Each structure stands twice: as structure tokens, then as C-alpha cells.
Amino acid sequence: MEEKIKAGYLYDFYGELLTEHQRTVYEMSVFEDLSLSEIADTLNISRQGVHDMLKRCDHLLCDYENKLHLVEKFLHIRETVEQIQKLSSQDITANSLGEIKDLTSSILEEL
């Protein structure tokens with residue numbers, strides 16, 4: 001998965017666990033795509049401080065994901081729902097109904 005997309009998902013799920021300052025720096029980097037210098041100038045901190053903050057945030061967000069697996073579960077459920085949509089857009093047969101039932105059961109188990 002592309003790093004920016006992964007960073008966005010991690011932030012969506014765990015961003016509220018960061019401090020307000022960490023969120024500000026992370027949002028400026030990931031969502032506004034500002035450089036270290038631009039962030040440093042805006043917040044009156046050093047480029048090294050911005051770099052360290054971003055590394056610390058990445059580490060924290062990845063640690064949360066490694067422990068909770070919320071992004072992984074979300075992506076798996078989304079993939080399963082896409083399979084259900086594909087099956088339901090075709091002519092419904094007993095076989096496809098069985099597959100849909102199995103897929104929905106797997107979603108419920110994962111939740």
C-alpha cells in the first residue's frame with residue numbers, strides 16, 4: 001500500500017490518540033503535503049524537531065496498529081464487501097447466495 005494512503009488510514013483510526021501538537025504536525029505533513037522546512041517555519045520549530053515528531057508519530061501509529069489491527073480488519077472487511085457487491089450484481093443463484101452468506105458470516109466473525 002502506498003505510504004501516504006497507509007499514513008492516512010493510520011491517522012484516521014488512531015490520530016485522536018496523538019497530542020494536539022503531534023496531530024498538527026502530522027496533518028501538515030501527510031494531508032497538506034508540506035515539507036519539513038515549511039512545517040518548521042509555520043510552527044517556529046526546527047526542521048529536526050519536525051522530523052523527530054513525524055518519526056515519533058509514525059512509530060506510535062504503527063504500534064497502535066500492531067496491537068489493535070483496526071486498519072487491517074477494516075481493509076479486509078472492505079474487500080469482503082466488494083466481493084459481496086460483485087456477487088449481488090450478477091444473476092443470483094443458490095451458489096452465489098451461499099457465497100454471500102459465507103462472506104457476511106466472515107464479516108460478523110471479524111467484528
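1. Let's begin with Glu109, which is exposed at a relative accessible area of 69% (buried is under 20% relative accessible area, exposed over 50%, and partly exposed in between, with a 1.4 Å probe and protein chains only). Glu109 sits in helix α6, which covers residues 94-110. Helices here are DSSP runs of H or I with at least four residues, strands are runs of E with at least two, and both are numbered from the N terminus. The C-alpha atom of Glu109 is 36 Å from that of Thr24, and the two residues are 85 apart along the chain.

2. A word on where the values come from: this is a predicted model, in which local features need pLDDT of at least 70 and side-chain atom pairs count only at pLDDT 80 or more, while totals for chains, interfaces and linings use all residues. Residues are numbered from 1 along each chain as its sequence is written, and side-chain values use heavy atoms, with hydrogens and water left out.

3. Leu108 also belongs to helix α6. You may like to look at this leucine on screen, as Leu108 counts as exposed at 63% relative accessibility. Its C-alpha atom is 9.4 Å from that of Ile77, with the two positions 31 residues apart in sequence numbering.

4. Now for the chain as a whole. The chain holds six helices and zero strands, and the pattern read along the sequence is α-α-α-α-α-α. The radius of gyration is 20 Å, well over the 13 Å that the globule rule gives for 111 residues, so the chain is more spread out than a compact globule. That radius is taken over C-alpha atoms, and the globule rule is 2.2 Å times the number of residues to the power 0.38. Along its principal axes, the C-alpha trace spans about 65 × 25 × 20 Å.

5. How much of the chain counts as buried? The figure is 29% of the 111 residues. About 7,600 Å² of the chain is exposed, and carbon and sulfur atoms supply 52% of that area. These accessible areas come from the Shrake-Rupley method with a 1.4 Å probe; for residues, only the protein chains shown count as cover.

6. On contacts, meaning heavy atoms within 4.5 Å, consider those in the chain with a separation of 6 or more: residues 24 or more positions apart account for 54% of them.

7. The charges are worth a glance too. The chain has 11 positive and 22 negative charges, and their mean positions are 4 Å apart. Lys and Arg count as positive, Asp and Glu as negative, and His and the chain ends are not counted. Each charge is placed at NZ of Lys, CZ of Arg, CG of Asp or CD of Glu.

8. If you are thinking about cysteines, a search of the whole structure finds zero disulfides, a disulfide being a pair of cysteine sulfur atoms within 2.5 Å. Cys57 is in no disulfide, and its nearest cysteine sulfur, that of Cys62, is 11 Å away. Cys62 is likewise in no disulfide. Are these two cysteines buried or exposed? Cys57 is buried, with a relative accessible area of 0%, whereas Cys62 counts as partly exposed at 28% relative accessibility.

9. Gly15 lies in the loop between α1 (3-14) and α2. This glycine is buried, with a relative accessible area of 1%. Which residues does Gly15 touch, not counting those up to four places away in sequence? They are Leu10, Arg23 and Leu61. The C-alpha atoms of Gly15 and Tyr64 are 10 Å apart in space, and the residues are 49 apart in sequence.

10. Ser29 is part of helix α2, residues 20-30. Ser29 is buried, with a relative accessible area of 13%. Leaving aside neighbours within four places in sequence, Ser29 is in contact with Lys4, Leu34, Ile39 and Leu54.

11. Finally, two backbone angles to check in your viewer. Asp33, in the loop between α2 and α3 (36-43), has a positive phi of about 55° although it is not a glycine. Asp33 counts as exposed at 55% relative accessibility. Asn44, in the loop between α3 and α4 (47-68), has a positive phi of about 55° and is not a glycine either. Asn44 is exposed, with a relative accessible area of 72%.
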